[in-house]
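Let's look at a protein chain together, one question at a time. Have the viewer open and follow along.

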Amino acid sequence: MPLLHRLVVTAALTTAATAGALAPAGATPLPLPLPLDGESADRLVITASQNGEPDDASTFVLSCHPTGGTHPRARAACAQLDSQTVWGRDPFAPVSPDAMCTGQYGGPATARVTGHWAGRPVNAWFDRTNGCEIARWNRFSVVLRTPGS
């Protein structure tokens, strides 16, 4: 066993040394390219309605990194989005069709979020038709701000 352990350690050190020798001295990662439109890559359009009717809907633009747009609470909305963003997981993913949700109804409010977030396109729908959808809505409560809320 000690011989096998020494072989593994030696192989790991050799690989690390080789990788270090191949990288140029003082190399730094390249920055991500800027979006073609010159705006923030993290830019969303939020359309929300308290009663679910298109005529009642309000539309806000939210830009993060840097913060901007027409969203009335842009800084708080960006912070909420950042807190929901985890590498490898879509924060806007819909509720799974297999999810066990309570039969409560949270009202007729609806929202749609489109744009780009964390380098990915976003096209998400929100409503409050059951417990799972209400919980999903609440995770984005500042972002999905409806008039009067």
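Q: Does His65 count as buried, partly exposed or exposed, at its relative accessibility?
A: This is a predicted model, in which local features need a pLDDT of at least 70, side-chain atom pairs count only at pLDDT 80 or more, and totals for chains, interfaces and linings use all residues. Residues are numbered from 1 along each chain as its sequence is written, and side-chain values use heavy atoms, with hydrogens and water left out. Buried means under 20% relative accessible area, exposed over 50%, and partly exposed in between (1.4 Å probe, protein chains only). The relative accessibility of His65 is 45%, so His65 counts as partly exposed.

Q: What pattern does the protein chain follow along the sequence?
A: Helices (H or I, at least four residues) and strands (E, at least two) are DSSP runs, numbered from the N terminus. The protein chain has three helices and five strands. Reading along the sequence, you meet them in the pattern α-β-β-β-α-β-β-α.

Q: Which element of the protein chain has the highest mean pLDDT?
A: pLDDT is the predictor's confidence in each residue, from 0 to 100. The protein chain averages 80, and 70% of the residues score at least 70. Helix α1 (residues 2–22) has the lowest mean among the elements, 47, while the highest, 96, belongs to β4.

Q: How many contacts does the stretch 27–36 have beyond near neighbours in sequence?
A: Contact means heavy atoms within 4.5 Å. Over residues 11–23 the pLDDT is below 50, and this stretch has zero contacts beyond near neighbours in sequence. Where pLDDT is low, the predicted coordinates should not be read in detail. Residues 27–36 also have a pLDDT below 50, and beyond near neighbours in sequence their number of contacts in the model is two.

Q: What is the form, cis or trans, of the peptide bond from His65 to Pro66?
A: Most residues other than glycine have a negative phi, and most peptide bonds are trans. His65 has a positive phi, near 60°, and sits in the loop between β2 and β3. Pro66 is in the loop between β2 (58–64) and β3 (68–69). The bond from His65 to Pro66 has an omega near 10°, and its form is cis.

Q: What is the phi of Ala118 near?
A: Look in the loop between β4 (110–117) and β5 (120–127) to find Ala118. Ala118 is a residue other than glycine with a positive phi, near 55°.

Q: How is the pair of Phe92 and Phe140 described, from its ring centres and planes?
A: Rings of Phe, Tyr and Trp (its six-membered ring) pair if their centres lie within 6.5 Å; planes under 30 degrees apart count as stacked, over 60 as edge-to-face and the rest as tilted. The structure holds two aromatic pairs. In the pair of Phe92 and Phe140, the centres are 5.3 Å apart and the planes are at 20°, so the pair is stacked.

Q: How many residues apart in sequence are the parts that Phe92 and Phe140 tie together?
A: Both rings belong to buried residues, because the relative accessibility is 5% for Phe92 and 1% for Phe140. Phe92 lies in the loop between α2 (74–84) and β4, and Phe140 in the segment after α3 (131–139), so the parts tied together are apart in sequence by 48 residues.

Q: Which residues form one aromatic cluster?
A: The rings of Phe126 and Phe140 have centres 5.4 Å apart and planes at 65°, so this pair is edge-to-face. Phe126, in strand β5, is 14 residues from Phe140, and Phe126 is buried with a relative accessible area of 3%. The one aromatic cluster is formed by Phe92, Phe126 and Phe140.

Q: What distance separates the C-alpha atoms of Phe140 and Pro91?
A: Not counting residues up to four places away in sequence, Phe140 touches Gln80, Leu81, Gln84, Pro91, Phe92 and Phe126. Pro91 is 49 residues from Phe140 along the chain, and their C-alpha atoms are separated by 9.6 Å.

Q: What share of the residues of the protein chain count as buried?
A: Among contacts between residues at least 6 apart in sequence, 54% join residues at least 24 apart. The protein chain has 149 residues, and the share that count as buried is 28%.
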